[in-house]
Amino acid sequence: MSLAKLAAELSQSRKLVVITGAGVSAESGIATFRGNGGYWDRHKAEDLASPAGFARDPELVWRWYDQRRRQVLAAEPNPAHLAIAELETCVPQFLLITQNVDGLHQRAGSQRVVDLHGSILRVRCQRSGQEWDDRRLAEQFPLICTCGALLRPAVLWFGETYDPIKMQQAITAVSEADQVMVVGTSGLVWIVDGLLDYARQATISQFNLEASPLQAEVTYQIIGQAGKSLPALLKLLNKTNQGQD
């Protein structure tokens, strides 16, 4: 069984990297961007998630993000989030690289997290560039900084570049990893496929609802809900580790 073999390998892992996408959060009720019913089925990305769209209509953008923030704050970490947080304690070196902006990994207990796309629960001043946590649910939009400048969600928008510090941290971790787990993403976005180019010495496993273009690159392809397969993997891993004591 693939899970049993993967658990055996993970028990020997020294450096584990987990890369997560929207599929993990979808199991907590957070709508995905792509696929049937995703956000981009109903909205134009350039209107709601780009600097140009924000400049044209900051009120529209903030009203949309306020709806998303309300959804995120009402959601709870699911078993996949919790299993990933526990995996962090099972290996000497661990890094979680996530595309998700909802903070559910951190709420589940994950400590070593690189949120490549930022956080929807943070804001950034358009004048100073400073960021801070802000979970308020506003009644008037757009949000304004105390300095009088517009505030924006501290997330990566279309047309913007990745934070070079976060990117280097992610690349270094993947380059040095002996195990890389890709969870809740098909790998169609550049960032996942691009990072896996650096996983030259790692065994790659994928947990997804369906097979994806990454299939040729991975050793273990686990099809199904991550909220079921990851706890099952963790149970096998703990059993293996106990047998080695």
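A residue is called buried when its relative accessible area is under 20%. By that criterion Ser 119 is buried, because its relative accessible area is 12%. The model examined here is a predicted one, and Ser 119 offers a convenient point of entry.

Ser 119 belongs to strand 4, which comprises residues 118-125. Leaving aside residues up to four places away in sequence, Ser 119 touches Val 101, Ala 154 and Val 155. Another residue distant along the chain is Leu 156: 37 residues separate it from Ser 119 in sequence, while the two C-alpha atoms are 8.7 Å apart. The side chain of Ser 119 also has a polar atom that lies 3.1 Å from the backbone nitrogen of Leu 121.

Strand 4 runs over residues 118-125, and the discussion now passes to Cys 125. The structure holds zero disulfides. Cys 125 is in no disulfide, and the nearest cysteine sulfur, that of Cys 147, is 3.7 Å away. A disulfide is a covalent bond between the sulfur atoms of two cysteines. The cut-off applied to such a pair of sulfur atoms is 2.5 Å. Why is the sulfur of Cys 145 without a bond to that of Cys 147? The closest cysteine sulfur to that of Cys 145 is the one in Cys 147, and at 3.7 Å it is too far for a bond. Cys 125 is buried, since its relative accessible area is 2%; Cys 145 is likewise buried, with a value of 11%.

Helix 8 covers residues 164-176 and has 13 residues. From its first C-alpha to its last, helix 8 reaches 18 Å, close to the 18 Å expected at 1.5 Å a residue. At the start of this helix, a side-chain oxygen of Asp 163 comes to within 2.8 Å of the backbone nitrogen of Ile 165.

Which residues of helix 8 are buried? They are Met 167, Ala 170, Ile 171, Ala 173 and Val 174. Viewed down the helix axis, the buried residues fall within an arc of 165°, and therefore they line one face of helix 8. On the other side of the helix, Pro 164 and Ile 165 are exposed.

The surroundings of the buried residues complete the account of helix 8. These residues pack against three strands and a helix, namely strand 1 (15-20), strand 2 (93-98), strand 7 (179-183) and helix 9 (190-196).

Definitions and conventions
Residues numbered from 1 in each chain as written. Predicted model: local features only at pLDDT ≥ 70, side-chain atom pairs only at ≥ 80, totals over all residues. Heavy atoms only, no water. Buried < 20%, exposed > 50% of the residue type's maximum accessible area, 1.4 Å probe, protein only. Helix = DSSP H or I, 4+ residues; strand = E, 2+ residues; numbered from the N terminus. Expected span 1.5 Å × (residues − 1). Arc of directions from axis to C-beta. Contact = heavy atoms within 4.5 Å. Polar contact = N/O pair within 3.5 Å; in protein donor to acceptor, adjacent residues only side chain to side chain.
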